[in-house]
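Reader: Got a minute to walk me through the charges and the fold on this one? Let's see the thing first.

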Amino acid sequence: MIWYKFHIGDYISHTMHLDDAEDLAYRRLLDWYYMSEKPLPLDVALVSRRIRLDDDVVAPVLNEFFEKTPNGYINPRADKEIAYLQREG
């Protein structure tokens, strides 16, 4: 997916407590998730390296905004948006 809807109000209301690095991590994680349309790897060190941030920043963001599954980290809200956009074609 090369674009996705970004709901500024929803994003701000759910991320006001994040510091700058955590906010950047979340945006990069979301971008990667939407681009790949599949779960993020379970290996936090690999994820951190891919988004160019430290593990101690990335791990809490993954745990707060993504759900850990056997196949990787998923984001249910993003999955709904992806499914909707795929149907709309």
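Reader: Arg77 and Glu81 both lie in one helix; which helix is that, and how far apart are they along the chain?

Author: Bear in mind this is a predicted model. Arg77 and Glu81 are about one turn of the helix apart. In residue terms that is four residues, and the element is helix H5.

Reader: What joins the side chains of Arg77 and Glu81, and at what N to O distance?

Author: A nitrogen to carboxyl oxygen contact has to be within 4 Å to count here. The side chains of Arg77 and Glu81 pass as a salt bridge, with N to O at 3.7 Å.

Reader: Is Glu81 buried or exposed?

Author: The cut-off for buried is under 20% relative accessible area. Glu81 has 14%, so the label is buried.

Reader: Which residue does Asp10 meet in a salt bridge?

Author: The N to O distance in this pair is 3.1 Å, and the partner of Asp10 is Arg77. The pair links distant parts of the chain, with Asp10 in helix H1 (residues 8-15) and Arg77 in helix H5 (residues 76-88). The separation along the chain is 67 residues. So if you're after the partner by name, given N to O at 3.1 Å within the 4 Å cut-off, that's Arg77.

Reader: Which residues are linked in the network of salt bridges?

Author: By the rule used, the count of salt bridges is two. Arg77 takes part in one with Asp10 and in another with Glu81. That gives a network of Asp10, Arg77 and Glu81.

Reader: How do Asp10 and Arg77 count on accessibility?

Author: Anything between 20% and 50% sits in the middle class. Asp10 comes in at 33% relative accessibility, and Arg77 has 39%. So Asp10 is partly exposed, and Arg77 is likewise partly exposed.

Reader: Which residues form the negative surface patch?

Author: One member, Asp54, is in the loop between helix H3 (44-51) and helix H4 (55-65). At 54% relative accessibility, Asp54 is over the 50% cut-off and so counts as exposed. The full patch is Asp43, Asp54, Asp55 and Asp56.

Reader: Zooming out, what is the radius of gyration of the chain?

Author: The chain has five helices and two strands, running α-α-α-α-β-β-α from the N terminus. For 89 residues the globule rule gives 12 Å, and the chain comes close to that, so it is as compact as a globular protein of that length; its radius of gyration is 13 Å.

Reader: And what share of the residues count as buried?

Author: The C-alpha atoms fill a box of roughly 40 × 30 × 20 Å along the principal axes. Of the 89 residues, the buried share is 37%.

Notes. Residues are numbered from 1 along each chain as its sequence is written. This is a predicted model: local features need pLDDT of at least 70, side-chain atom pairs count only at pLDDT 80 or more; totals for chains, interfaces and linings use all residues. Side-chain values use heavy atoms; hydrogens and water are left out. Patches are made of residues with over 30% relative accessible area and no salt bridge: like charges are joined within 9 Å, nonpolar side chains (Val, Leu, Ile, Met, Phe, Trp, Tyr) within 5 Å. Accessible areas come from the Shrake-Rupley method with a 1.4 Å probe; for residues, only the protein chains shown count as cover. Lys and Arg count as positive and Asp and Glu as negative; His and the chain ends are not counted. The place of a charge is taken as NZ of Lys, CZ of Arg, CG of Asp or CD of Glu. Buried means under 20% relative accessible area, exposed over 50%, partly exposed in between (1.4 Å probe, protein chains only). The radius of gyration is taken over C-alpha atoms; the globule rule is 2.2 Å times the number of residues to the power 0.38.
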